[in-house]
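Please open the structure in a viewer and keep a selection tool at hand. The tour below proceeds stop by stop, stating what to select and what is to be found there.

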Amino acid sequence: VPTSGRATYYVSYKREAFIQIKLPKYSLPKDLHIVSTDGKQVFAAVQEWNQNDTYNLYLSDTRGIYFTLAMENVKTTRGIAGNQMLDLYEVAGIKGMLIANKKQDNQVKTYITYNKGRDWRLLQAPAADLDGNDIHCILPFCSLHLQLQMSENPYVSGTISTKSSAPGIIVATGNIGAELSYNNVGMFVSSDAGNSWRPVRYASAFTQTAPTAGKQH
């Protein structure tokens with residue numbers, strides 16, 4: 001509902017009267033998207049008054065009224081039609097599992113959660129490349145980062161793919177390093193729900209781009 005030039009958001013639980021949702025006091029939303037309503041909770045992406053290319057993720061109580069912060073500054077990508085697409089991917093076949101690209105300290109890093117945003121962690125990079133050479137990529141200085149763009153064309157696949165008929169299997173495009181990059185991109189697959197990854201094919205050697213422990217670039 002528009003109120004004094006700003007939108008106010010309401011929720012009705014089990015067809016009861018509509019109640020205004022309660023975000024934290026510091027939140028001043030100028031845009032809100034519903035990510036999911038699975039597991040008797042609402043997962044929402046909110047763009048605050050001071051954000052332009054990022055959103056904050058909020059998780060509600062069972063009635064969808066009270067929201068708490070789950071992750072700040074999730075990156076967006078501008079689509080072909082000019083609309084902003086959230087860099088957030090809900091893994092098919094596993095409830096509560098999401099992958100997000102977070103903007104922090106002028107870098108973008110990929111995080112994964114298995115409990116719908118309560119806890120997040122970086123992705124562990126593969127231990128070796130396709131030739132069997134060791135990849136020296138030590139958390140948290142270096143990790144695996146994934147491109148999470150969904151295709152706007154329903155007949156064309158995006159940069160990440162999962163299926164509910166094959167839970168735990170993830171195929172994605174990404175890179176190894178200190179941050180998300182569109183250089184030295186390869187394809188990676190996980191068969192254990194993102195806990196470990198292995199390279200499928202790549203454009204150039206990962207060993208040339210992955211920083212060693214204690215170093216960032």
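Strands, as the term is used here, are DSSP runs of E with at least two residues, numbered from the N terminus. Under that definition, the two residues 160-161 qualify as strand β15, and Ile-160 belongs to this strand. The model is a predicted one.

**The whole chain**

Begin with the entire protein chain in a cartoon representation. The chain contains 18 strands and zero helices. Of its 217 residues, 43% count as buried. The exposed area is about 11900 Å², of which carbon and sulfur atoms supply 52%. Among contacts with a separation of 6 or more, 43% join residues 24 or more positions apart.

Next, colour the chain by confidence. The average pLDDT is 87, and 87% of the residues score at least 70. Strand β13 has the highest confidence, at 98, whereas strand β18 (residues 198-202) has the lowest, at a mean of 79. Select residues 202-217: here the pLDDT is below 50, although the stretch has 42 contacts in the model beyond near neighbours in sequence. Where pLDDT is low, the predicted coordinates should not be read in detail.

**Strand β15 and its surroundings**

Select Ile-160 in strand β15. Is this residue buried or exposed? Ile-160 has a relative accessible area of 4%, which is under the 20% cut-off, and therefore counts as buried. Now display its contacts, leaving aside neighbours within four places in sequence: among them are Tyr-89, Ile-99, Leu-146, Leu-148 and Ile-170. Add Phe-188 and draw a C-alpha to C-alpha distance to Ile-160: the two residues are 28 apart in sequence and 9.5 Å apart in space.

**The disulfide and a cis peptide bond**

Select Cys-137 and Cys-142. These residues form a disulfide, with their sulfur atoms 2.0 Å apart, and a search of the whole structure finds one disulfide. The torsion about the S-S bond is about -100°, so the disulfide is left-handed. Cys-137 is buried at a relative accessible area of 5%, and Cys-142 is buried at 1%.

Then select Leu-139 and Pro-140. The peptide bond from Leu-139 to Pro-140 is cis, with omega near 0°. Pro-140 lies in the loop between β13 (121-122) and β14 (143-146).

**Three salt bridges**

How many salt bridges does the structure hold? There are three, and each may be selected in turn.

Select Arg-63 and Glu-16 for one of these. Their side chains meet at 3.1 Å, N to O. The pair links distant parts of the chain, 47 residues apart: Arg-63 is in the loop between β7 (54-60) and β8 (67-78), and Glu-16 is in the loop between β3 and β4. Arg-63 is partly exposed, with a relative accessible area of 30%, and Glu-16 is partly exposed at 39%.

Move to Lys-103 and Asp-53, whose side chains form a salt bridge at 3.0 Å, N to O. This pair links strand β11, which holds Lys-103, with the loop between β6 (43-48) and β7, which holds Asp-53; the residues are 50 apart. Lys-103 is partly exposed, with a relative accessible area of 34%, and Asp-53 is partly exposed at 35%.

Finally, select Asp-87 and Lys-75, which meet in a salt bridge at 3.2 Å, N to O. Asp-87 is in the loop between β9 (84-86) and β10 (88-90), while Lys-75 is in strand β8, 12 residues apart. Both Asp-87 and Lys-75 are buried.

**Loops and surface**

Return to the loop between β3 (10-11) and β4 (19-20), and select Arg-15 there. Arg-15 has a positive phi of about 65° although it is not a glycine, and with 85% relative accessibility Arg-15 counts as exposed.

Phe-18 is found in the loop between β3 and β4 as well, and is exposed, with a relative accessible area of 62%. Add Val-1 and Tyr-10 to the selection and show the surface: together with Phe-18, they make a nonpolar patch of about 350 Å².

For the last stop, select Asp-105 in the loop between β11 (98-104) and β12 (107-113). Phi of Asp-105 is near 50°, a positive value in a residue other than glycine. Asp-105 is exposed, with a relative accessible area of 70%.

Technical notes
Residues numbered from 1 in each chain as written. Predicted model: local features only at pLDDT ≥ 70, side-chain atom pairs only at ≥ 80, totals over all residues. Heavy atoms only, no water. Helix = DSSP H or I, 4+ residues; strand = E, 2+ residues; numbered from the N terminus. Buried < 20%, exposed > 50% of the residue type's maximum accessible area, 1.4 Å probe, protein only. pLDDT = per-residue confidence, 0-100. Contact = heavy atoms within 4.5 Å. Patch = residues over 30% accessible without salt bridge, like charges linked within 9 Å, V, L, I, M, F, W, Y side chains within 5 Å. Areas by Shrake-Rupley, 256 points an atom, 1.4 Å probe, with all protein chains shown as cover. Salt bridge = Lys/Arg side-chain N within 4 Å of Asp/Glu carboxyl O. Disulfide = S-S within 2.5 Å.
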